[in-house]
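Subject: Structure for you to look at

Hello,

Here is the structure I said I would pass on. Please open it next to this email and follow along as you read.

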Amino acid sequence: MTTRRNFLRVAGTSAVILAAGGYGLTQCDPMPEVAVEAWAGPKPNVRDPRVRALSFALLAPNPHNKQPWIVDLREPGVATFLCDRARLLPETDPYSRQIMIGCGAFLELLRMAAAELGLRAEVTPFPAGDWPENSVGEQPMCRVAFVPDAGAKRDPLFAQALKRRTNRNSFDATAVLPAEAAALGAVLEGLPVRFGWTADGRQIAQLAGIAKRAWDIEIKKDATFKESVDVFRITGEEIAKHRDGLSMHGPFFWWANKLGLFTKDNAMEPSGRAQALALIDPQLAVRAFGWIVTATNDRRTQLAAGAAYVRANLKATELGLAMHPLSQALQEFPEMLPSLAEHKRAVGAAESETVQMFFRLGRASAVGPAPRRPLDAIIRA
Ligand SMILES: Cc1cc2nc3c(=O)[nH]c(=O)nc-3n(C[C@H](O)[C@H](O)[C@H](O)COP(=O)(O)O)c2cc1C
């Protein structure tokens, strides 16, 4: 969720926390290995190709790292996907548009992983009928048949699947080159999306201003901010317990938490919100923003936007570029709608179009992987 330096900048340096570093406790409270074991790929004893492919799919980027997927494997050779309705974001994502984008990214990684195994993943969306409009239904989101196919085309982007990250660090001052942006756009070919980007200082300043105001709106509204705070996983102990959400660990968070300076409860207080508000400033010092726009906004298009986003993220990984979505201005709760409209105009999208993803693009120091729940937690066998 945040970096130690950013947190300290806004929280003020506590002598005790600094002392923790000084007394050689910098190894205290690391990311628990079990929480990130998924990033080593499937274990050798995993034989079922569907499960091997799923081991990569669950590494998909997804909002708040909620991992809202359930997979039913009871039909041989088939994986049936349901969206976990207990893992939605009703306040910040009232129509579950972002949740669907995460599911689309999941399916795209699944498709790539299947191809590596010589299987074609035949995806049938909504096999039991569409969900009621703007909601997530109980019926399956899609049925995927794994069909042996010697001609299944392997995707070079798959080589980045275990290395892809969301990078929330400050980005450095290096420019993103037009050729790099063009390469990101090129991997979205064939999908019903439009890739856009800017390195123009004036447009960046305008978009950064909108992003900051949107961040402010989300944080100042109790219900929307609480949706983030609810998934703050503060300290390795919490991270290992949940293996989802937004991770904060290391000696600084550990001490701040144990001393009662940073807990879920005080995160909701004015001082906690002030800290959260200040986190955006260093993030907005960027040389480029990118976005993904679609002409329609039905469930299938949202899934395609998810495929597009993860593909761009994988290509960025290959190019050594960092990516970080800033979704606040795209959220559809009533208080955000003016910012959403302003943001749409600022990226040059038509009123009838939907900006599905908006992200920072640049170069930054590397970050570690985000937790993932175990396969057992998502599979119904
Ligand atoms: C639709 C969507 C919206 C997202 N919005 C944000 C965001 O506003 N801020 C943010 O820090 N990360 C955002 N993310 C990134 C997720 O938080 C991230 O994918 C998740 O925590 C897992 O981390 P990973 O991508 O490093 O595996 C978004 C991801 C998706 C797919």
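Which element gives the most to the lining of the second largest pocket? Keep the question in mind while you find the pocket; note also that the model is a predicted one.

The pocket

The second largest pocket has a volume of about 320 Å³. Its lining is made up of 15 residues, and those closest to the centre are Glu108, Arg111, Leu191, Ala304 and Ala307. Three elements each give two or more residues to this lining: helix H4 (97-116), strand S3 (119-125) and helix H13 (299-319). The answer to the question is H13, which contributes five residues, the most to the lining of the second largest pocket.

Sorted by class, the lining residues are eight nonpolar, five charged and two polar.

Where does the second largest pocket lie with respect to domain 1 and domain 2? Domain 1 covers 4-28 + 163-362, and domain 2 covers 33-162 + 369-380. Both domains give residues to the lining, so the second largest pocket lies between them.

The packing of helix H6

The other thing to look at is helix H6, residues 201-220, and how it packs against helix H14, residues 337-346. The axes of H6 and H14 are 10 Å apart, and the angle is about 165°. Because of that angle, H6 counts as roughly antiparallel to H14, the cut-off being over 145 degrees. The crossing in which H6 passes H14 is left-handed.

H6 also crosses helix H11, residues 270-278, at roughly 155°, and the two axes come within 10 Å. H6 is therefore roughly antiparallel to H11 as well. The handedness of this crossing, between H6 and H11, is right-handed, whereas H6 passes H14 in a left-handed one.

Regards

Methods:
Residues are numbered from 1 along each chain as its sequence is written. This is a predicted model: local features need pLDDT of at least 70, side-chain atom pairs count only at pLDDT 80 or more; totals for chains, interfaces and linings use all residues. Side-chain values use heavy atoms; hydrogens and water are left out. On a 1 Å grid over the protein atoms alone, a cavity is a set of points where a 1.4 Å probe fits but cannot get out, and a pocket is an open set with protein on both sides within 12 Å along at least five of seven lines; lining residues have an atom within 4 Å of a point. Grid points are joined across faces, edges and corners, and a volume is the space filled by probe spheres set on the points. Helices (H or I, at least four residues) and strands (E, at least two) are DSSP runs, numbered from the N terminus. Ala, Val, Leu, Ile, Met, Phe, Trp, Tyr, Cys and Pro count as nonpolar, Asp, Glu, Lys and Arg as charged, and the others, Gly among them, as polar. Domain bounds come from an automatic or database domain assignment. Axes are lines fitted to C-alpha atoms, for helices over the stretch in contact, and angles run from 0 to 180 degrees between N-to-C directions. Angles under 35 degrees count as roughly parallel, over 145 as roughly antiparallel, 65 to 115 as roughly perpendicular and the rest as oblique. A crossing is left-handed if the near helix is turned anticlockwise from the far one by less than a right angle, and right-handed if clockwise.
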